[in-house]
Amino acid sequence: MDKFIVNGGKRLCGTISVSGAKNAAVAILPAVLLAESPCIIENVPNISDVTAIFRALEALGASVKRIDLNTYEIDPSCVNSFIVSKEMAQGMRASSYFLGALLGRMRKAKVAPPGGCDIGLRPIDQHIKGFEALGAKVTIDSGMVVAKSERLGGCSVYLDVVSVGATINIMLAAARARGMTVIENAAREPHIVDLANFLNSMGADIMGAGTGVIKIRGVEHLHGTNYSIIPDQIEAGTYMVAAAATRGDVVINNVIPKHLESIIAKLREVGATVEEGDEYVRVSMDKRPEKCNVKTMPHPGFPTDMQPQFATLLAVANGTSIVTEGVWDSRFRYAEQLTFMGADIQVDGKSAIITGVDGLKAAPVKANDLRAGAAMIIAGLIAEGETEIADIEYIDRGYELVVEKLTAVGADIKRVSDTSFDYVLKAN
Ligand code: EPU
C-alpha cells in the first residue's frame, strides 16, 4: 500500500481548482440507470469511489466511455442485471444508491451492503422505510438487501432522521413511480439539489430539493441528458482549512461560495480572512488561530465531513475548543493519531475537548477514514519535519490529484509505494 510523506512547515500560496463533488457523483452515476438513452456527465471526479461505481455499472450491463479527463458517456440501455455483488459493493459507500436506481428502473434490486469508511453504525432503515412506503417488499437474502415491487406508487414518507442517503434513495425510486411522493424531513445538502437537477434534466418532475420537503411526481420515462456535477464542497473546505492552518494565502477556484457558508463563518471566527468571489474563495491567515466551538449538523449546519480537518486546525489554536459531532456516533478515531503528533485532545462521547498546542510534531500516522486522512494531511502540513501517512487508500476515495494540487501551492508532499517507503526510511 502507498503512503504519503509530508514535509511540513511550509506556507501554502497560490491557486487550487476544486473537482466535481464526490457525494453528488456517487448519486448521479447510479441515477443514470433510470434513463433510457445515454447520458454525458461532466466534472466527474477521478477518485476510487467513482471507479467502483463505473465497475458496478458495467457489470450491470451499462457501457461507460471516457470522453475526456472528467467527462464520461454512460449508456444504460443494455442493463440486464439487477444484482450488485459483494465484490462490486466493496470499497464504495454508496452501493445502496443502486437499490433505489434499480428498483426505479427494473422494479427489483439485490445489492450488497456498502463498504467504505468506518465512521460508526451506518443503518439503512430509513431507506427501507421509503421503499416500503412506495410499495416495495424488502428482505435480506444471504447478507444482500433485496427490494422488489410489481408496481411502485407515490407515497408520503417522513424521515425519522435527516438522512442524505435515504433522501437520495427515495428520490431515485420515486422518480419513475406512479403518482406523487412527498419526502418530509428530507436532507438539504447541495448534492441532493444536484441530483434533483440532474433527474429533472432527464425529464423527472421534482420540486423542493434543498428544503425539508421534496415532492416527486413520478414520470413513465426518463431520457438521456448532458449534465455537469457541482464542485465538491468538502474538498474546497479541506483546502480552505489547509490554507489557514499553514498561515498561507490560497485562492480556491471552481466553488459555489453559498455551499461553503458554514465553513467560511467558522474560519472567520478563528481569525482567517476569507474573500468570496462568484466562483472562488480566497483564504489567508497570518497568525495563530483562535479557539472556537463547532457542532456538526445536517446542511446548512457545519458539515460532519469537515469535522476532522477543522479539529486539526483547532489543535494548534490559541485556547481550548469543543467540537461536538451531531451526525455520526463515532467520528473521533483520528484524534489518537493527532495526539501522536503532540495534539492535546480529550474525547468524551460525542465531544472532543481540544486544547491548542504551539505546534505539531511530525510522526508516523494513518488515515482511519477519508476525512480523517484529510486531517492527517493538514496535520502533516502544519508539523515541522516528515510526517508519514499510511492507509491512504481512504484518501484516494474522495480527493482527486491531492498531491498535485497541494504541490502546486507549495506543499512538500509525495506518494511513495511500500518499497520506496522502505528506501526512504533506510536513507534517513
Ligand atoms: N441514519 C439512520 N438510518 C438511516 C440512514 C441514516 O439512522 O436509514 C443515521 C446515520 O446513522 C447517521 C445519520 O442518520 O447518524 C446521517 O446519515 P446519512 O444517511 O445522512 O449519511 P449517508 O447518506 O450514509 C452521506 C455522505 C457522508 C456524510 C453523510 C452526512 C455519501 C456517499 N456519504 O452519508 O459522507 O458524512 O451523508 O452528511 O453521500 C464522506 O464523504 O466522508 C462521508 C462519510
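# A walk through sheets, helices and hollow spaces

Let us begin with an open sheet of 4 strands, arranged in the order β6-β7-β9-β8 with mixed pairing. The strands β6 (83-84) and β8 (137-141) form the edges, and each has a single partner strand, so one side of each is left without a neighbour in the sheet. Please keep in mind, as you look, that this is a predicted model.

Within this sheet, β7 (residues 108-111) and β9 (residues 144-148) run antiparallel and are joined by 4 bridges. To find the register on your screen, look for Lys 108, which stands opposite Lys 148 in β9. Step back along the chain from there and you meet Arg 107, which comes just after α4 and takes a positive phi of about 65°. Helix α4 itself covers residues 97-106 and is mostly covered, with 8 of its 10 residues buried. The buried residues of α4 are Tyr 97, Phe 98, Leu 99, Gly 100, Ala 101, Leu 102, Leu 103 and Gly 104.

Now turn to another set of strands, with β23 as the guide. Strand β1 (residues 3-8) and strand β23 (residues 385-390) run antiparallel, and 5 bridges join them. One pair to pick out is Gly 8, which stands opposite Gly 385 in β23. Phe 4 also belongs to strand β1. Is Phe 4 buried or exposed? Its relative accessibility is 0%, so Phe 4 counts as buried. Phe 4 and Ile 389 are 385 residues apart along the chain, yet their C-alpha atoms are separated by 5.0 Å.

Strand β23 has a further partner in β22 (residues 364-366): these two run parallel and share 3 bridges. Here Pro 364 stands opposite Glu 388 in β23. Together, β22, α12 and β23 make a right-handed β-α-β unit. For the side chains along such strands, a general point helps: in a regular strand they alternate between the two faces of the sheet.

Helix α12 leads us on to the enclosed spaces. How many cavities of 30 Å³ or more does a search of the whole structure find? The search finds 3. The second largest has a volume of about 60 Å³. Its lining consists of Thr 238, Tyr 239, Ala 242, Ala 374, Ile 377, Ile 378, Ile 395, Tyr 399, Val 402 and Leu 406. Two or more of these lining residues come from each of α8, α12 (370-382) and α14 (402-408). By class, the lining of this second largest cavity divides into 9 nonpolar residues, 1 polar and no charged.

The largest cavity has a volume of about 80 Å³. Around the largest cavity you will find Ala 21, Lys 22, Asn 23, Pro 190, His 191, Ile 230, Pro 231, Asp 232, Gln 233, Ile 234 and Arg 371. The elements that give two or more residues to this lining are α1 (22-31), α7 (190-201) and α8 (233-245). The classes here are 5 nonpolar, 3 polar and 3 charged residues. In terms of domains, the lining of the largest cavity takes at least three residues from each of domain 1 (2-19 + 231-427) and domain 2 (22-228).

Helix α1, one of the contributors to that lining, deserves a look of its own. It is mostly covered, and 10 of its 10 residues are buried. Among them are Lys 22 and Asn 23, along with Val 26, Ile 28 and Leu 29.

Finally, let us move to the open spaces. The largest pocket holds about 1100 Å³ of space. Which residues lie nearest the centre of the largest pocket? They are Arg 122, Val 164, Gly 165, Val 327 and Trp 328, out of a lining of 43 residues. Helices α1 and α8 return here: together with α5 (125-133), α6 (164-174) and α12, each supplies at least two residues of the pocket lining. By class, that lining has 18 nonpolar, 12 polar and 13 charged residues. The largest pocket also draws on both domains, with at least three lining residues from each of domain 1 (2-19 + 231-427) and domain 2 (22-228).

Definitions and conventions: Residues numbered from 1 in each chain as written. Predicted model: local features only at pLDDT ≥ 70, side-chain atom pairs only at ≥ 80, totals over all residues. Heavy atoms only, no water. 1 Å grid on protein atoms, 1.4 Å probe; cavity = no way out; pocket = protein on both sides within 12 Å on 5 of 7 lines; lining within 4 Å. Points joined across faces, edges and corners; volume = space filled by probe spheres on them. Nonpolar A, V, L, I, M, F, W, Y, C, P; charged D, E, K, R; others polar. Domains from an automatic or database assignment. Pairing = 2+ DSSP bridges. Right-handed = clockwise from strand over helix to strand, strands pointing away. Buried < 20%, exposed > 50% of the residue type's maximum accessible area, 1.4 Å probe, protein only.
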